[in-house]
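Open the model in a viewer and keep the selection tool at hand. This tour goes from one selection to the next and says what is found at each stop.

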Amino acid sequence: MLFSTSTFSRRASLSSSRRRLEGWVGSGRFPSNLLSFFLGITLCYLNVSPSFIPHNEELHQNQEAAAVVMTNSASLIYSKDELKKIFNEIVKKEVQYNNWDMGCNDLQFLAPYFRSILYRRGWSENRSRKVIIDVGANSGDDTLSILKSFQPILQMCHPYSIPIQLISVEPSPKVFCEMTDTVSTKLVEEDSRNSLLLNVALSDKTGHLIFADPGNEGGKLIGDNYTTLAKMTPGEFESFSHCKYEDGELTDMHIDNDRKSAVPTYTLDLLLSSLEEPGLDKVHRDEEIFVVKIDTEGHDYNVLLGAKDLLRRKRITFIIFEVWTNHFVKLIAQYMMQYDYQCFLLTKDTLVPVQERDWWYFHMDNFTSGWWGNGLCGIKGSNDMQLLWRMYHSDNLKLINSYDLL
């Protein structure tokens, strides 16, 4: 029988691909992009037209080879005991006294992943604006970094951009003034329109709380002057959006560890409902809050307690919080479970699940302080959470396949 050149070429390609697949299965070493290649080559084996195969016997052999790969791929998953051992070893390595490396795995570190998730959702129904909230924004560096990381696509592809609305919250009056100065001098006009800066605090209660305000990033809420605040009015919003000090007055202010300030304090639920009111209309009702980053010097749990309604409605997609005491890691993880969120410790190459019942690491109980890191929470089983898991562990196919065991 005679065959065309294209027939021989297709046959040789199939045989070569089969040999590679069988070699990978036999050695246990797989390339990082195996998943997409495997799907493609499997379809090729199973669906190739018989006109390209000279004998039905060879077609049968090709189908058997694909079946071998599919059978062996079922073993490309960790058991739960294996996962616990892996995560325990990572925690032992990373959670050490005076190891501050994990603290750098924050929103700036995750921003490329988040941007990819937004753009991989699809072009049509998902180009609606997303809200990002930075709680404890400090002097404005994070604000600039976030806006840069999520900047729109330029020129002819601009219509395909996904716009964001950034809300930066900083309670220290002095640090807030530094932030407004930084942002106003470095942002272009379009970025300025996409950012709201607010000199307020967030907690689980409202009022004018006492804030230890040294004038640097070490400020924290310390007072108990709780009163019921109504929704923020347009006048209050205008006041909270501007620096309260004159230029000369701010220049003369030094770091003072004894300084205290009374700061208007809202819950996250109340703040968002205020910004949705027709008088302000800064956030649209039911608009997705894609990321909330919290860095409040130990007050992160309280901030989340003030977001019950947003969490109940699954309106927040991802949350990043600061970790420096294990007690609050447990509290946050257990609290978020009530709303079907799962939480992780962020290391440079692994998302380590944290949950008191199944995913707690007794090594951490030996380091109740003296280390610094960040945690991440996402909606359990959501497409976005699964996609982040796959991207974060793209070099470990077994770990990718093990998500459902968490």
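The stops below run from the whole chain to its core, its strands, its disulfides and its ring pairs.

**The whole chain**

Begin with everything selected. This is a predicted model. The protein chain has 406 residues, and 50% of them are buried. Colour by secondary structure to see its 16 helices and twelve strands. With the surface switched on, the accessible area comes to about 19800 Å², and carbon and sulfur atoms account for 51% of that. Of the contacts between residues at least 6 apart in sequence, 79% join residues at least 24 apart.

**The largest nonpolar core**

Next, select Phe-87, Phe-114, Leu-268, Met-336 and Leu-376. The largest nonpolar core has 92 residues, and these five touch the most other members. Add helix α5, residues 107-120: this helix gives the most to the core, with seven residues. Elsewhere there is a second, separate core of five residues, among them Ala-137, Phe-176, Met-179 and Val-183. In soluble globular proteins, nonpolar side chains tend to be buried together.

Now centre the view on Phe-114. Which residues does Phe-114 touch, leaving aside those up to four places away in sequence? They are Leu-107, Phe-150, Phe-290, Val-291, Phe-318, Ile-320, Leu-376 and Leu-388. Keep Ile-320, Leu-376 and Leu-388 from that list displayed; the next two stops return to them.

**Strand β12 and its partners**

Select residues 373-379, which make up strand β12. Seven of its seven residues are buried, so the strand is largely enclosed by the rest of the structure. Strand β9, residues 316-323, pairs with β12 in the antiparallel sense over six bridges. Here Ile-320 has Leu-376 of β12 as its bridge partner, and both residues touch Phe-114. Then add residues 341-346, strand β10, which is also antiparallel to β12 and pairs with it over five bridges. In this pairing Tyr-341 stands opposite Ile-379 of β12.

**Helix α15**

Move to residues 383-392, helix α15. Is this helix largely enclosed or largely open to the outside? Seven of its ten residues are buried, so α15 is largely enclosed by the rest of the structure. The buried ones are Asp-384, Met-385, Leu-387, Leu-388, Trp-389, Met-391 and Tyr-392. Leu-388 is one of the residues that Phe-114 touches.

**The disulfides**

Select the cysteines. How many disulfides does a search of the whole structure find? There are two, and they follow the pattern 1-2, 3-4 when the bonded cysteines are counted along the chain.

One disulfide joins Cys-177 and Cys-243, whose sulfur atoms are 1.9 Å apart. The torsion about its S-S bond is about 90°, so this disulfide is right-handed. It links distant parts of the chain: Cys-177 is in helix α7, Cys-243 is in the loop between α9 and α10, and 66 residues separate them in the chain. Cys-177 is buried at 2% relative accessibility, whereas Cys-243 is partly exposed at 29%.

The other joins Cys-343 and Cys-377, with sulfur atoms 2.1 Å apart. This link is right-handed too, with 100° about the S-S bond. Cys-343 lies in β10 and Cys-377 in β12, so the pair ties together parts that are 34 residues apart in sequence. Cys-343 and Cys-377 are both buried.

**Ring pairs**

A search of the whole structure finds twelve aromatic pairs. Select Phe-87 and Trp-359 to see an edge-to-face pair, 5.7 Å centre to centre with 75° between the planes. Phe-87 sits in helix α4 and Trp-359 in the loop between β11 and β12, 272 residues apart. Both are buried.

Next select Tyr-301 and Phe-328. Their ring centres are 6.5 Å apart and their planes lie at 45°, so the pair is tilted. Tyr-301 belongs to helix α12 and Phe-328 to helix α14. Tyr-301 is buried at 17% relative accessible area, while Phe-328 is partly exposed at 28%. Add Tyr-335 and Tyr-339 to complete a cluster linked by ring pairs.

**Last stop: Glu-94**

Finish in helix α4, residues 80-94, by selecting Glu-94. Is Glu-94 buried or exposed? It counts as buried, with a relative accessibility of 12%. Leaving out residues up to four places away in sequence, Glu-94 touches Asn-99, Met-102, Thr-347 and Lys-348.

Terms used: Residues are numbered from 1 along each chain as its sequence is written. This is a predicted model: local features need pLDDT of at least 70, side-chain atom pairs count only at pLDDT 80 or more; totals for chains, interfaces and linings use all residues. Side-chain values use heavy atoms; hydrogens and water are left out. Buried means under 20% relative accessible area, exposed over 50%, partly exposed in between (1.4 Å probe, protein chains only). Helices (H or I, at least four residues) and strands (E, at least two) are DSSP runs, numbered from the N terminus. A nonpolar core is a set of buried Ala, Val, Leu, Ile, Met, Phe, Trp, Tyr and Cys residues joined through side-chain atoms within 4.5 Å. Contact means heavy atoms within 4.5 Å. Two strands pair if DSSP finds at least two bridges between them. A disulfide is a pair of cysteine sulfur atoms within 2.5 Å. Accessible areas come from the Shrake-Rupley method with a 1.4 Å probe; for residues, only the protein chains shown count as cover. Rings of Phe, Tyr and Trp (its six-membered ring) pair if their centres lie within 6.5 Å; planes under 30 degrees apart count as stacked, over 60 as edge-to-face and the rest as tilted.
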